[in-house]
Every structure is written in structure tokens, then in C-alpha cells.
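Work through the exercises below with the sequence and the model open. Each task is followed by a solution in steps.

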Amino acid sequence: IKSFPHLFMAHLKGGLTEDQTKLINSLQDAVNKVTKRVDQMSSITNILVGRYSFAIEKLDLASTIAVEVKNLTQLVEEKGLAINFNPEMFREASVLADKYAVGELLTELLKNAIEFTSHGSVSVDVVASTDKDLVAKPEKDEEARYWVVKVIDTGTGIPYEVQNLLFTPFIQEGGALNRDQVRGGLGLGLYYAKLLVERQDGNIWFETEKGEGSTFYFSLPKA
């Protein structure tokens, strides 16, 4: 399935018209989304049954965030948004975590923030904490046990009726409760994010105000 658009183009004689190019691009986007869903469901299953192997190492958090932010720059620009993160401010932020899993976690939260933000910006901040369940600023640097990443958007906020269900399967940030309401996804992204962070001795939570935006937090152990 993934190779079909490329095969189609390879066997098509002559150049593509504008409409044909749009069709092929749409088809490729759809294939990529389906592939992503399948991979995500496979990862969730492997985590739940204990077959997902986390390669815990000392990880430069600022560089990892910077890579994921850069990967989403085009998507942000297409929506006319700004994305704010300055890695130079967080060079001392190192965590004990799996690089791939943290990348997946950041991608889920950033894409959600972008999807549900129609104007304004998405920002990423990093703060030290003594607690993995909240932002508890240490009095001394050596008292910090966790780094907490904050993904902040100026989007729609999260409806009250789904806030307590947000990290369960098939619930979406915008309030979708079933597959007929889902906007291009299965509502597994935040559930997947929760599994990823909790299996690395961290936690994930959020604050939101409808119409004012949301802030998602996740904590990881300090290296």
C-alpha cells in the first residue's frame, strides 16, 4: 500500500497535471496516516503485554525537543502559527529516557497542539521539579529530581465533559467520543503518550480553559 503512489507515478507516461499531483499527494498523505495508526496500535499492544523494549539512556532533552519542533515547522507554517522553543535556555536539561519514545511523546503532544490551534502559537518550555506529578520548583538545583516539559497552545481548550477521559482510548482533545466524530484519527494519541511516559517513571497531565488554550505537562527523571 505504501508503495502504490510511487508505482503509479513511475508507470504514468508524461507529466502530471495539477489535479493529478494533488490527488497523488492526498493519496500519499492518507497512506502515511494509515501506516502511522497501525504502527501506533502495534506499539500500544507491545507496551501493554510487556514486549516494548525501552532503551533508557542519558538524553539531551533540549536537542531532542529541537529536532521534533523542526520536523513540524512546515505544518505550523501552513496553519499560519508560530512555534516557540529556544534550546539554548535548557542545555542542562538531561533525562534518563528512551530517545525514540520521547520523540514519539513530543510528536503526539505537539501535533495535538497544532491541530487544535487556529491562531496564535505553540510553545515548549522546560522546568526542573522535585515531583513527577506536578511542577514543584526546587529551592536548590541539586534538589530537582525531574525535568518537566510544557507544551502550551493558544487553541480551543478542552471541553469539560471529556477532561476526565482524555487519556483513555478513543477520546480526542477536541471532544470526539466516537469514530463518527473523530477528526482524522482514532483518539489513541494521548493514551499512547500516557503509556510511553509512565513506563519511563514519569507522568503526564494538563491544564486547560475552553477558548483560551491548553498546557500539557510531562515529567521524566533527571539524569
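**Exercise 1. Locate Asp-201 and describe its backbone and exposure.**

Step 1. Asp-201 sits in the loop between α7 and β6 (203-209); helices (H or I, at least four residues) and strands (E, at least two) are DSSP runs, numbered from the N terminus. The model is predicted: local features need pLDDT of at least 70, side-chain atom pairs count only at pLDDT 80 or more, and totals for chains, interfaces and linings use all residues. Residues are numbered from 1 along each chain as its sequence is written, and side-chain values use heavy atoms, with hydrogens and water left out.

Step 2. Most residues other than glycine have a negative phi. Asp-201 is not a glycine, yet its phi is positive, about 60°.

Step 3. Asp-201 counts as partly exposed because its relative accessibility is 38%; buried means under 20% relative accessible area, exposed over 50%, and partly exposed in between (1.4 Å probe, protein chains only).

**Exercise 2. State how far α7 is enclosed, and list its buried residues.**

Step 1. Eight of the 10 residues of α7 are buried, so this helix is largely enclosed by the rest of the structure.

Step 2. The buried residues are Gly-189, Leu-190, Tyr-191, Tyr-192, Ala-193, Leu-195, Leu-196 and Val-197.

**Exercise 3. Describe the surroundings of Thr-168.**

Step 1. Thr-168 belongs to the loop between α6 (160-163) and α7 (189-198). At 31% relative accessibility, Thr-168 is partly exposed.

Step 2. Leaving aside neighbours within four places in sequence, Thr-168 is in contact (heavy atoms within 4.5 Å) with Gly-187 and Tyr-191. Tyr-191 is one of the buried residues of α7.

Step 3. Thr-168 and Leu-188 are 20 residues apart in sequence, and their C-alpha atoms are 7.6 Å apart in space.

Step 4. A polar atom of the Thr-168 side chain lies 2.4 Å from the backbone oxygen of Leu-165.

**Exercise 4. Are Val-151 and Ser-214 buried or exposed, and what does Val-151 contact?**

Step 1. Val-151 is in strand β5 (residues 146-153), and Ser-214 is in strand β7 (residues 213-221).

Step 2. Val-151 is buried, with a relative accessible area of 2%. Ser-214 is buried, also with a value of 2%.

Step 3. Apart from neighbours within four places in sequence, Val-151 is in contact with Leu-109, Leu-110, Ala-113, Val-122, Ser-123, Ser-214, Thr-215 and Phe-216.

Step 4. The side chains of Ser-214 and Thr-208 are joined by a polar contact of 2.9 Å. A polar contact is a pair of N or O atoms within 3.5 Å; within protein, one must be able to donate a hydrogen and the other to accept it, and residues adjacent in sequence count only if both atoms are side-chain atoms.

**Exercise 5. Summarise the whole protein: what are its elements, and how much is buried?**

Step 1. The protein has seven helices and seven strands. From the N terminus on, they run α-α-β-α-α-β-β-α-β-β-α-α-β-β.

Step 2. Of the 223 residues, 44% count as buried.

Step 3. Among contacts with a separation of 6 or more, 68% are between residues 24 or more positions apart.
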